[in-house]
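Welcome! Here are three short exercises on rings and cysteines, each with a worked solution.

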Amino acid sequence: MKSIRQRFVHAITKTGISRCIIDNPRCRIVFTAVISLLINLFYALYHGILGIGMQSLWFITVCAYYSFLSIARFSAVLCEYKEKHSGSINTEYFVMKISGVLLILLSLILIAITYISISQNITTKYDEITMITIATYVFTKLTLIIIKAVRQRKYGSSLLTVIRNITYAEVAVSVLNLQRSMLASFGEMSNATILNGLTSAFVCLFVLSLGCSMIKMYLRKEKKYGKISIGKDESKNRSKG
């Protein structure tokens, strides 16, 4: 008699999509990007409605942040879809360039968010239990990202690099928001302005560096292989992923 675990695995692997997600690391990464895309779209819509309804520059700026994240992730998901149907790997490098530009623009939006937050003293306060729950979630997410980064180093696909860099940028901003909320909930904001400013500067530079690194990778590949031909090594790496 089959165990409950075996029955469960057999049930979820009946469809091609489920089997792909379980067996193919590339599929799992792209599937995670799709889920994150839907969440980003929801937050963008939510903050956009609040921004328009309350005529708040803060909510509109946060809406722009989630919108840029959504566009970057959508381009990565669309790239995967087009590759499956056309078999062209060149799209990955185009998406890398676009996502690099989007992350650079995202760093500028983060500067605007930081300025508005500090100048208008905007922050979110939570009770102790809620704050501990949020901190646990963020640090768990950060830990999982680090573990995945180590495990996925062998997958040299440019598309997966784009998806990972977008995730790194989002997690860095999550840690920044966590710090702001913790200082507001457990300490005096007047003493936390400098710390928030320094951390915000670091996160903005980190996101900017991610965007610049992707554009640099794109230009290096373009210079080496040209605009159309990508090279055999990359194709092999992609087939392994």
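The exercises below go from ring pairs to accessibility and then to cysteines.

This is a predicted model, in which local features need pLDDT of at least 70, side-chain atom pairs count only at pLDDT 80 or more, and totals for chains, interfaces and linings use all residues. Residues are numbered from 1 along each chain as its sequence is written, and side-chain values use heavy atoms, with hydrogens and water left out.

**Exercise 1.** Find how F42 pairs with Y43 and with Y46.

Step 1: Take the rule. Rings of Phe, Tyr and Trp (its six-membered ring) pair if their centres lie within 6.5 Å; planes under 30 degrees apart are stacked, over 60 edge-to-face, and the rest tilted.
Step 2: Count the pairs. The rule gives four aromatic pairs.
Step 3: Look at F42 and Y43. Their centres are 5.8 Å apart with 70 degrees between the planes, which makes the pair edge-to-face.
Step 4: Turn to F42 and Y46. With centres 6.4 Å apart and planes at 15 degrees, this pair is stacked.
Step 5: Place the partners. F42 and Y46 sit four residues apart in helix 3 (residues 25-54), about one turn of the helix; helices are DSSP runs (H or I) of at least four residues, numbered from the N terminus.

**Exercise 2.** Sort F42, Y43 and Y46 by exposure.

Step 1: Buried means under 20% relative accessible area, exposed over 50%, and partly exposed in between (1.4 Å probe, protein chains only).
Step 2: F42 has 53%, so F42 is exposed.
Step 3: Y43 at 35% is partly exposed, and Y46 at 43% is partly exposed.

**Exercise 3.** How many disulfides are there?

Step 1: A disulfide needs two cysteine sulfur atoms within 2.5 Å.
Step 2: The count is zero.

Notes: Helix = DSSP H or I, 4+ residues; strand = E, 2+ residues; numbered from the N terminus.
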